[in-house]
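The following exercises accompany a molecular structure. Each one sets a task and then works through the solution step by step.

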Amino acid sequence: MRMPEPGSLPRRGREAWRAGVSGAAVSGVTGADVAVVGAGPVGVFLATALALRGLDVVLLERRVGERRHSRAIGIHPPSLAALERLGVLDEILRRGMRVDRGVLRIDGQDAAALEFARVPERHPFVITLPQVETERILRARLDALAPGALREGFTVGRIEALPGRVRLHAVAGPSAVDARLVVGADGPLGVVRRAAGLGGTSRAYRHRYVMGDVADETDDGATAVLHLNPDGIVESFPLPGGVRRWVTHLPEQHEQHGTCGSSHRRAAEDDDGARAAARLADLVDARTGIRIDPATTTMTSEFGVRRAAASGMARGRMLLVGDAAHEVSPIGGQGMNLGWLDADELAEIVPEVLRSGRREPLVAWQRRRLASAARAARMAEFNMAMGSPCGPLAFAARRLVVAGASGPLLAGRLARAFTMHGL
Ligand SMILES: Cc1cc2nc3c(=O)[nH]c(=O)nc-3n(C[C@H](O)[C@H](O)[C@H](O)COP(=O)(O)OP(=O)(O)OC[C@H]3O[C@@H](n4cnc5c(N)ncnc54)[C@H](O)[C@@H]3O)c2cc1C
């Protein structure tokens, strides 16, 4: 379905773009200024930010209840500022773990340190918090601002362009929502992106990783550690509650060329999870000499990685944010944060767009956000390249890069890149 651009609408269409939606006149159809599809971290953030600006917003989510699996843990300085604007920063700081530095470690020795305090941001540190908890905090804020805005168990199926609005039909039953703007926060290859006809590019990397959350028995406290090893990187991040997240590159025999996306398994729930926990412990031991206890693993996940981007983030009355618009490799931990920054900027311009029908702010927004996503994707590629298995010569070259990073200039640049400064 092709939506007309608001700038090219005839006079009647332009008036309808500015006018309210009165879907309630039709049985089973409710109306809203903005309908957000997908209540992942980005959709909930956006709905909350729009509610904060007094807009009538509805958030449609096919799942019922909380997600049980935590993917993202790192919340970076630009997001902390955005979460402050949303009114949830105190809660995030209270529940999360503050990380002020990261170190690059080779053969058990710290080879370079990244001090986040030097990053020129209002909140110059990273907070780690399991995504499930972050989503819980965001949902509570939305519920306080706009009770009933979240409609769970509503899977958006058909999307229909009508004069001055878009109608979202539930897959099951006669329910539908009319909205003046629709935002797809429905993850990779979501229904909104398809309906908007926003294609794009997608590239699967051959790397695969295993991760797990394990009781922390290291002496690393609140420091994030990247252990560089010629057999593959081992990353270790502190989490609240005496837990660390370990992530490591899977050896070649585990790599499934050409696959993409992620598969997740919970350790306690099945044999595969227990096997993954044991494999993670063995790999960490072999590459760092640190023995983690698989029995304390609360969650494991084996995942492949890919980079994808939609050809645009705005067409007609349909917009995309978060993974629906761009996916970056989780190695670097920036996907959720990128989505929040999309949403933070978008919420700022939506009231004006709805009032005036002007499209220019959306065009500028989409250009900035796609450029940020491309930068984050390049950073993730750098991380993956530094952490992939390699021969002695390539590893010697990596040692040189790390030695350079022990100098203040490169260390400062890396600290800014790792903490998403300027994205
Ligand atoms: C292993 C791993 C570790 C990661 N670590 C980090 C990290 O540390 N930091 C970071 O920033 N990022 C990280 N990420 C990336 C991060 O998890 C994602 O970028 C983030 O979840 C994207 O959020 P989203 O809201 O855009 O999409 P999603 O989380 O995918 O949410 C989309 C929502 O839309 C709903 N939906 C889909 N279709 C429909 C429909 N038709 N109707 C109604 N609802 C629908 C889905 O049910 C879902 O709830 C990691 C990812 C992985 C895989």
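**Exercise 1. Determine in which sense E3 and strand E7 pair, and over how many bridges.**

Solution. In this predicted model, strand E7 covers residues 126–128 and pairs with E3 in the antiparallel sense. The pairing extends over 2 bridges. At the level of residues, Ile 75 stands opposite Ile 127 in E7. The next step is to place this pair in its sheet. The sheet is open and is formed by 3 strands in the order E3-E7-E4, with antiparallel pairing. Strand E3 (74–75) and strand E4 (97–99) are its edge strands, since each pairs on one side only. As a general rule, strands of a sheet pair through backbone hydrogen bonds, either parallel or antiparallel.

**Exercise 2. Establish how E2 is joined to strand E1, and whether the residues of E2 are buried or exposed.**

Solution. Begin with the pairing: strand E1 (residues 29–37) and E2 run parallel and are joined by 4 bridges. Val 37 stands opposite Leu 60 in E2. Next, consider the directions of the side chains. In a regular strand the side chains alternate between the two faces of the sheet. In E2, Val 57, Leu 59 and Glu 61 point one way, while Val 58 and Leu 60 point the other way. A residue is buried if its relative accessible area is under 20%. By this criterion 5 of the 5 residues of E2 are buried, so E2 is largely enclosed by the rest of the structure.

**Exercise 3. Describe what surrounds the ligand, and identify the polar contacts that Glu 61, Arg 62 and Met 336 make with the ligand.**

Solution. First, consider the shell as a whole. The ligand is surrounded by 33 residues, and the closest are Glu 61, Arg 63, Arg 67, Asp 323 and Asn 337. By class, 14 of the shell residues are nonpolar, 12 are polar and 7 are charged. Domain 1 (6–65 + 146–198 + 311–377) and domain 2 (74–130 + 202–307 + 387–418) each provide at least three residues of the shell.

Second, examine the individual contacts. An N or O atom in the side chain of Glu 61 is 2.6 Å from an oxygen atom of the ligand. For Arg 62, a polar side-chain atom lies 3.2 Å from a ligand oxygen atom. Met 336 takes part through its backbone, where an N or O atom lies 2.9 Å from an oxygen atom of the ligand.

Third, assess the coverage. On its own the ligand has 1000 Å² of accessible area, of which the protein covers 93%. The elements that give two or more residues to the shell are helix H2 (41–52), strand E2 (57–61) and helix H8 (335–356). Of these, H8 gives the most, with 3 residues.

**Exercise 4. Locate Thr 218 and state what its side chain contacts.**

Solution. Thr 218 is found in the loop between strand E12 (200–215) and strand E13 (224–228). Its relative accessible area is 17%, so Thr 218 is buried. The side chains of Thr 218 and Asp 216 are joined by a polar contact of 2.7 Å. The side chain of Thr 218 also reaches the backbone nitrogen of Asp 220 at 3.2 Å.

**Exercise 5. State how far apart Arg 375 and Ala 417 are in sequence and in space.**

Solution. Arg 375 belongs to helix H9 (residues 360–387). With 41% relative accessibility, Arg 375 counts as partly exposed. Arg 375 and Ala 417 are separated by 42 residues in sequence and by 9.3 Å in space, C-alpha to C-alpha.

Conventions
Residues numbered from 1 in each chain as written. Predicted model: local features only at pLDDT ≥ 70, side-chain atom pairs only at ≥ 80, totals over all residues. Heavy atoms only, no water. Near = heavy atom within 4 Å. Polar contact = N/O pair within 3.5 Å; in protein donor to acceptor, adjacent residues only side chain to side chain. Areas by Shrake-Rupley, 256 points an atom, 1.4 Å probe, with all protein chains shown as cover. Nonpolar A, V, L, I, M, F, W, Y, C, P; charged D, E, K, R; others polar. Domains from an automatic or database assignment. Pairing = 2+ DSSP bridges. Buried < 20%, exposed > 50% of the residue type's maximum accessible area, 1.4 Å probe, protein only.
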